[in-house]
Every structure is written in structure tokens, then in C-alpha cells.
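Biologist: Could you walk me through this one slowly? I'd like to hear the reasoning behind each label.

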Amino acid sequence: MNFIKLIFLLLGLVLLALVVGEIELSQVVEQVKTVGWGMAVIVGIYFLAFLIDSFTWQMALIQVPLNAVWTYRTWKVRMVGEVFNNVVPAGGFGGEPLKAVLLKRYYGVGYREGTASLILAKTINLLSLLIFLACGFALMAGSGQLPASFKMTAGAGLSAMVFGIVLFFLVQRLKVSSITGAWISRFGFAKKADDVLHHIQDMDERLVRFYTLYKTRFAGAIGLAFVNWLLGAVEIYYAMMLLGRPMSFADCWIIEAAAQLVRAGAFFIPAGIGVQEGTFLLLYSAMTGSPVLGVSMAVIRRLREIIWIMWGLGLGAMFTFKPAHQEGEEEKTEGGEGG
């Protein structure tokens, strides 16, 4: 497994080297320097997006209150977990087990409830991403700046993503895992797996209960998650103004949608190294005629990611000094003082 991870990392580095070979690094450095203290605003935009993302996860934790204390808690846990999601080649799932462990150890949220909320939060994010990408593709289709080959490739990628995400949702909503498990359990060799099948059925029940009994919360979470994705386009819009090359918000939406689509497809490469840079280079070359501008935008986003990862690592270190949750010390549904 470590060997495979190394191969994926090397692949990303090769892509990055190809990108660097296409531009003058000195020009990129000069452009990035023009951002200056505006980088603080870019980080602020991402902070807002991340806060919204944390709250949508909190909405999936149906047994905890929707208050500021729990928003702070989910934000901290998500910060630490996302460090792993950014560096582990697992399609954004690498840090999910860690989040469940932190919820249980420090805030008394059971593993089943925590795991169900993480699956729900991931589903909510993916469904809202589909809406964001569909709007981006509609804008792309009407754009005269991009060649037909770009649009066809994006359309094929979007179609594949729609199929995968809808299937992921339907497996949960229709209890496909439980039905499959029940069918397998009829065979003698599966008797020893009864306990596992029980856990699968319990998880399916939790997921379906949320989708059927908390429809308003589900819809609200999708709406908030959509705003989260939209802030990615806002980030690009503001960064382009700082770089002295303002773009229309529609063009920024197209770029962000394409970047998210490609990064999702290249989930096996840690942090999308080389993939994100290559996507920005190609899009900016087509839309502005300046590959240097695209790589500059990619560098700005990388700088923001590095700041975020360092922040997440710091919070992770703080957790090691925090005492573990003691049963009976505090009910998870009562809020309490944020740690």
C-alpha cells in the first residue's frame, strides 16, 4: 500500500514538473507577490467556507444541539481530519476515521452516531457539489472562450460523477447494503458475520432516518454546502482582482467547477499535486491567454492550503493535551463549555 501511495505521489510530482516546465517561475513569483496582505482575506474567505462546512456536518449530528459550542467543536475536529484528507490519497476519506475517534474520545459522541454523521456530511457535500458543477458546466457550455474539446471532456467527467454520486446516495437511501447482507446471511458460511451484518443494518437505519425524518435539515444542509462550494469561486474572483487581472464571476465559477471536477477525478494523488496546477494552467491559457496567471492562482491556493494544514496540525497537537471525555461528565446533547 505504501508503495502505491509513493507511485501516486511521484505521478503528481511529474505532473507538477511538466507544469513548471511550461512557465517562467520568476514571473509567477512576481505575480504572487502582488497579492501581499490580500492573502489574509483569501484565508478569511476559506475560513468562512470551512465554518459553513463544519456547520453542515453539525446538522447531520442530529443528537447534538445547533449552537455555537458544537459548531466550534465540529470545526476543530474537521480541521484536524482535513489535514489527513489533504495528504492521504483516499479521495477525501483518509481523515474520516480520525474525526469519528476525536468525537468519541473528547466529546462523547458514539462511534455509530459519529460515523453516520460523517457519511451524511460527505453525501451532502457531494450532492451540493453536483449542483455547483452542473451550474458551472452550463456556464461553460455558453462560454466562447473554451474549445469544444474542453466542454466535451468536462461533460463526460460530470456525467460520470453524477452516476457515482447518485449511486452512492441510492445505496444509502434504499438500504442496498442491508438487503445484500440479508441475502448473503441465508448461506451457512455467513453465519459468523451476523454481528457485522447487524452493524450494517443499524447504520442503514440511521442514514434513512435522517433522509426521511429530517428532510428540512437535509435540504438546508445541501443549501449551505452549495454556498460553501460557491465561496471557492468567490476566492478566485477576489484573487484575480489582487493579481490585477479581474475576471467575471461566471468565468471564476467555470474555473472553480473544472478544478473541483478534475481534483475529484484524481483523488488518488495526495493533495491533487500537479493536477490542480495543470488544470489552472490549461484553463487560464484558454480563457486569458496567460498560463503564468493560472499557475499564480494555483500557487495562491497552495499557500492557503499550507496555512490551513499548519493550523490543523496545531489544533491536533492541542487535542493531545485535552483530557478525554468521561462518561456522565456531560451529556452530548447539552452543549457545555467548548474545549
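Modeller: Sure, and keep in mind that this is a predicted model. Let's begin with a cysteine: Cys 252 has a relative accessible area of 0%.

Biologist: What makes Cys 252 buried?

Modeller: Buried means under 20% relative accessible area. Cys 252 has 0%, so it counts as buried.

Biologist: And why is Cys 135 called partly exposed?

Modeller: Its relative accessibility is 32%. Partly exposed covers the range between the 20% and 50% cut-offs, so Cys 135 belongs there.

Biologist: How many disulfides does the structure hold?

Modeller: Zero. In general, a disulfide is a covalent bond between the sulfur atoms of two cysteines. The search needs a pair of cysteine sulfur atoms within 2.5 Å, and it comes back with zero disulfides here.

Biologist: Okay, zoom out for me. Which elements is the protein built from?

Modeller: There are 13 helices and zero strands. Read from the N terminus, the elements go α-α-α-α-α-α-α-α-α-α-α-α-α. The protein has 339 residues, and 46% of them count as buried. About 16200 Å² is exposed, with carbon and sulfur atoms supplying 70% of that.

Biologist: What share of the contacts joins residues at least 24 apart?

Modeller: It's 75%, taken among contacts between residues at least 6 apart in sequence.

Biologist: Now the charges. Why is the pair Glu 96 and Lys 99 called a salt bridge?

Modeller: As a general idea, side chains of opposite charge can pair when their charged atoms come close. The cut-off is 4 Å between the nitrogen and the carboxyl oxygen. For Glu 96 and Lys 99 the closest N and O atoms are 2.9 Å apart, so the pair passes. They sit three residues apart in helix H5 (residues 96-107), which means about one helical turn separates them. Glu 96 is buried at 9% relative accessibility, and Lys 99 is buried at 0%.

Biologist: What makes Asp 202 and Arg 112 a salt bridge?

Modeller: Their closest N and O atoms are 3.6 Å apart, and the limit is 4 Å, so they qualify. This pair links distant parts of the chain: Asp 202 is in helix H9 (residues 194-213) and Arg 112 in helix H6 (residues 111-141), 90 residues apart. Arg 112 is partly exposed, with 31% relative accessible area.

Biologist: How do you know that Arg 301 and Glu 235 tie together separate parts of the chain?

Modeller: First, their side chains meet in a salt bridge at 2.5 Å, N to O. Arg 301 belongs to helix H13 (residues 291-319) and Glu 235 to helix H10 (residues 215-242), so the pair ties together parts 66 residues apart in sequence. Arg 301 is buried at 3%, and Glu 235 is buried at 2%. A network of salt bridges links Glu 235, Glu 256, Arg 301 and Arg 304. Across the whole structure, the search finds 13 salt bridges.

Biologist: On to the rings. How many aromatic pairs are there?

Modeller: The search of the whole structure finds 24. Take Phe 210 and Tyr 214: their ring centres are 6.1 Å apart and their planes are at 15°, so the pair is stacked.

Biologist: And why is the pair Phe 210 and Phe 218 called edge-to-face?

Modeller: The centres are 6.0 Å apart and the planes are at 75°. Edge-to-face needs an angle over 60 degrees, so 75° fits that label. Phe 210 and Phe 218 are both buried, while Tyr 214 is partly exposed at 31%. Elsewhere, ring pairs link Tyr 46, Phe 47, Phe 50, Tyr 72, Trp 75, Trp 308 and Trp 311 into a cluster.

Biologist: Which ring does the charged end of Arg 73 sit over?

Modeller: The ring of Trp 70, with the charged end 4.7 Å from the ring centre.

Biologist: Last one: what makes Lys 175 worth pointing out?

Modeller: Lys 175 has a positive phi of about 55° although it isn't a glycine. Most residues other than glycine have a negative phi. Lys 175 lies in the loop between helix H7 (148-173) and helix H8 (176-184). With 25% relative accessible area, it counts as partly exposed.

How values were computed:
Residues numbered from 1 in each chain as written. Predicted model: local features only at pLDDT ≥ 70, side-chain atom pairs only at ≥ 80, totals over all residues. Heavy atoms only, no water. Helix = DSSP H or I, 4+ residues; strand = E, 2+ residues; numbered from the N terminus. Buried < 20%, exposed > 50% of the residue type's maximum accessible area, 1.4 Å probe, protein only. Contact = heavy atoms within 4.5 Å. Areas by Shrake-Rupley, 256 points an atom, 1.4 Å probe, with all protein chains shown as cover. Phe/Tyr/Trp six-rings, centres within 6.5 Å; stacked < 30°, edge-to-face > 60°. Lys NZ or Arg CZ within 6 Å of the ring centre and 35° of its normal.
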